[in-house]
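Dear colleague,

I am passing on the structure we spoke about, and below it you will find my notes on what came out of it. Please read them with the coordinates open beside you.

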Amino acid sequence: MLGRTIRATDIESPAKLVELLDRQAYLADEGLATAAFLALRMGRPLFLEGEAGVGKTELAKALAALLDAPLIRLQCYEGLDAAQALYDWDFARQLLHLKAAEAAGVTDVGRLEGEIYDRRFLIARPLLKAVETQPSVLLVDEIDRADDEFEAFLLEVLSDFTISIPELGTVRAATPPVVVVTSNRTREVHDALKRRCLYHWLEHPIFDREVAILLRRLPGCTETLATQVARAAERLRHAGLVKPPGVAETLDWTEALLTLGATELDPGLAAATLGAALKYREDVAAVLGNGLLGHG
């Protein structure tokens, strides 16, 4: 930890945020640090778009770590609805409570109804958990995978961080969570949600930054290996692949090479471990067939 709890208001500049993120092994450039700083200070959600693996989710994790706040993750998918994101009643425990009350001879229907809809029987899903937890970092991951209806519902929640539970009343966040919304842009997200947020597009890191990331995240990595892997990844990103490697895949690839004892990117070893960087058969065939691995 950093010695004391850091609050968003303690971060006085984007440069300071870069420093704090670096302590969490996250190397942010000036553009991303500025967007994240403004989101923290203005209390606005940060909407991050970019290719998979460029560090969108990792930023939310790093922010949670530096703020010493729990990371609450809502993973989006097709068919996700409000109930799955908000709360569920624990029907099994409610039923056990009713049976216990019946065995004890309780017949007051009004009392029983009040008891089974008590807060202790409520299972908080990510959105309710984020509203109830201070401080917290809410990661709404891959919002582009959710349906339009859920997107509209999310916009309503992010507007005032208030959730209405008919049986219990209204729950309002005393301190709104830090919110990071990510999208891989598999579809366009509606303007209404983007307008509620501060927006930043994450590019693949430039060559020097990717080398620095590899050295920072993988202490056993030599500068030669980091340089050669970053250069190979750069070539692959310009090769017209179905899914070019992001920095997450570059890290996996380097870790695989390190596991095999590599200190530099030998073409044969690179080919043997290519599955750590590429996830489509067509991409692997194209890279191997066209000699794109080169010699680092």
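**Helix 12 and its surroundings**

The buried residues of helix 12 are covered by a set of elements that includes helix 10 (207–217), helix 11 and helix 13 (267–272). Please keep in mind throughout that this is a predicted model. The buried residues in question are Val247, Glu249, Thr250, Leu251, Trp253, Thr254 and Leu257. As for the geometry of the helix, which runs over residues 247–259, its 13 residues should span 18 Å at 1.5 Å a residue, and because its end C-alpha atoms are 18 Å apart, the expectation and the model agree. Helix 12 is followed by Gly261, a residue whose phi is positive, near 85°.

**Arg237**

On helix 11, which comprises residues 223–237, I looked at Arg237 in particular. Its relative accessibility is 15%, and because buried means under 20%, Arg237 counts as buried. The side chain of Arg237 is joined to that of Glu210 by a polar contact of 2.7 Å. Leaving aside residues up to four places away in sequence, Arg237 touches His204, Pro205, Glu210, Pro244, Pro245, Gly246, Val247 and Thr250. Two of the residues in that list, Val247 and Thr250, also appear among the buried residues of helix 12, and Glu210 is thus a partner of Arg237 both in the list of touching residues and in the polar contact.

**Backbone points to check**

Three places in the loops deserve a look at the backbone.

- The peptide bond that leads from Gln134 to Pro135 is cis, with omega near -10°; Pro135 itself is found in the loop between helix 7 (126–132) and strand 5 (137–141).
- Phe161, which sits in the loop between helix 8 (148–160) and strand 6 (162–165), has a phi near 50°, a positive value in a residue other than glycine. With a relative accessibility of 6%, Phe161 counts as buried.
- Arg185 has a phi near 60°, likewise positive in a residue other than glycine, and lies in the loop between strand 8 (178–183) and helix 9 (191–196). At 43% relative accessibility, Arg185 counts as partly exposed, whereas Phe161 is buried.

With best wishes

Technical notes. Residues are numbered from 1 along each chain as its sequence is written. This is a predicted model: local features need pLDDT of at least 70, side-chain atom pairs count only at pLDDT 80 or more; totals for chains, interfaces and linings use all residues. Side-chain values use heavy atoms; hydrogens and water are left out. Helices (H or I, at least four residues) and strands (E, at least two) are DSSP runs, numbered from the N terminus. Buried means under 20% relative accessible area, exposed over 50%, partly exposed in between (1.4 Å probe, protein chains only). A polar contact is a pair of N or O atoms within 3.5 Å; within protein, one must be able to donate a hydrogen and the other to accept it, and residues adjacent in sequence count only if both atoms are side-chain atoms. Contact means heavy atoms within 4.5 Å. The expected span of a helix is 1.5 Å times one less than its number of residues.
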